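Grab a pencil: here are three short exercises to work through with the model open beside you.

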Amino acid sequence: MKNIAVIGTGYVGLVTGVCLSEIGHKVTCVDIDKQKVKLLKNGVSPIYEPGLQELIEKNIKKGNLYFTNNYNEAFQDVEVIYIAVGTPQSESGSVNLQYVEEAAKTIAHFINHSTVIVIKSTVPVGTNEKVLEIFQNNISSDIKIDVVSNPEFLREGSAIYDSFHGDRIIIGSDNKNAAKIIEEINKPFQVPILITDTRSAEMIKYASNAFLAMKISFINGIAEICEKLGANIEEVSNGVGKDKRIGSQFLKAGIGYGGSCFPKDTLALINIANEVGEPFNLLTSVIDINNRQRTKLVKKAKERFGTLRGKQFTILGLAFKPNTDDMREAASIELAKELINEGGKVKAYDPIAIDNAKKILNSSIHFTDSIESAVKGADAVFIATEWKEIIEFPLQRYKELMSSPIIFDGRNCYSIEEMKNLPIEYYSIGRPSINQFLYK
Ligand SMILES: NC(=O)c1ccc[n+]([C@@H]2O[C@H](COP(=O)([O-])OP(=O)(O)OC[C@H]3O[C@@H](n4cnc5c(N)ncnc54)[C@H](O)[C@@H]3O)[C@@H](O)[C@H]2O)c1
């Protein structure tokens, strides 16, 4: 059992802290956000993540898990400190390391004994070394600080599951003893552990995210061609994914990837590549395709309606993916903006993300508390997130709630065969339109 502090209680820091406490470590999570810490001290998760709330309650009760705004309290007798603060995109597209550097300076200010620092945040190659320099310049030389890279691969929406069933844990360090300490901490997860040098560990994270984003944009590129040629992307993707060298995951066509990682990490890697004089044009195309996908449904709606002015539209699903309340870079944002720009009126529903959506989306959007009230009276429905509740909403209800049911499905939730038998105009991604202009 180790005494651990985690700086940052966002999607990654909180899940990391909670899961480390679940495997028996004593963890203190520290955040500058007083509101978050207040909620957490009361055993309430500030984010929605399946299974997280239960584990918070359980481990607070067991005495393994603490929350504080006070660094002195968090660093008392601590052996390992994780940095899991945000690394957002700066205006230029490069990574803003301000929060990581501030966290390191704060550690340097408060720590008075030897400690291993783990960088969980996604950071450009060379950052671990920069952080070590901060310690070397700000801490007396009799206090030994090691820095270890331990990038995170969890997926929001299944973050707890992923922590216990991940494909690998990457530990990057140029110091064998420090790597060993972090390896021992992680062993109870029973996930394969790969130890690398620091720079390679940092690069593994960017390369992984860029590759996954590339798979999504690749299949979306194929989807565009399928649409023109009358092929069905779902069949194509299924056939392609059966090849073990390719694999079936991340081959789902749709209105593009979003979230707090793929958009910023692909852009960051382009910047990193440019800085070393090795332009990575493939990734530029990945981003271009993704941007094009975002506006696909509106383009289809304009082809269908001519003008969108005065029409009543519904967006079902707002979060960037199902099972999360995270709205960062969600495809629904661009969709809603475009529909409003084109003169449409928008109602929207999401099972979990409405509070976060209200902070980001146009105030003219009317949010509803059920799919039924969102769909009622709409001229067309746009599906932006494939929540189970949305997929399972009975299709015949569309006919009852809309006089002329028209669905633009950005996530290919239904099979073409199923839709052919229903009195619904159905437009999806990379597949033939069904009952096109039925209600024209
Ligand atoms: N969200 C994901 O799915 C995911 C997955 C893998 C990796 N990552 C990476 O993990 C990192 C964190 O991402 P996130 O989504 O959890 O971010 P987040 O924005 O949800 O959380 C960051 C937290 O850090 C806190 N914070 C900032 N500075 C602080 C400081 N000096 N002291 C204490 N707390 C501080 C903020 O208040 C916030 O609560 C990023 O580098 C991200 O790229 C994210």
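**Exercise 1.** How many residues surround the ligand, and which are the closest?

*Solution.* First, the ground rules. This is a predicted model, so local features need pLDDT of at least 70 and side-chain atom pairs count only at pLDDT 80 or more, while totals for chains, interfaces and linings use all residues. Residues are numbered from 1 along each chain as its sequence is written.

Now count the residues near the ligand (C-beta atom, placed from the backbone, within 6 Å of it): 27 surround it, with G8, G10, V12, S121 and T122 closest. Next, sort by element (DSSP runs: helices H or I, at least four residues; strands E, at least two; numbered from the N terminus). Those giving two or more residues to the shell are α1 (11–22) and α5 (98–110), and α5 has the largest share, four residues.

**Exercise 2.** Check the length of helix α9 (residues 198–229).

*Solution.* Take 1.5 Å times one less than the number of residues. For the 32 residues of α9 that gives 46 Å, and the end C-alpha atoms are 47 Å apart, so the two agree. Just past α9, G230 has a positive phi of about 80°.

**Exercise 3.** What is the strand order of the open six-stranded sheet?

*Solution.* Link strands that pair (at least two DSSP bridges between them). You get β11-β10-β9-β12-β13-β14, with parallel pairing. Then find the edges: β11 (366–367) and β14 (425–427) each pair on one side only. Finally, zoom in on β13 (residues 406–409), which joins β14 in parallel over three bridges; F408 sits opposite Y427 of β14.
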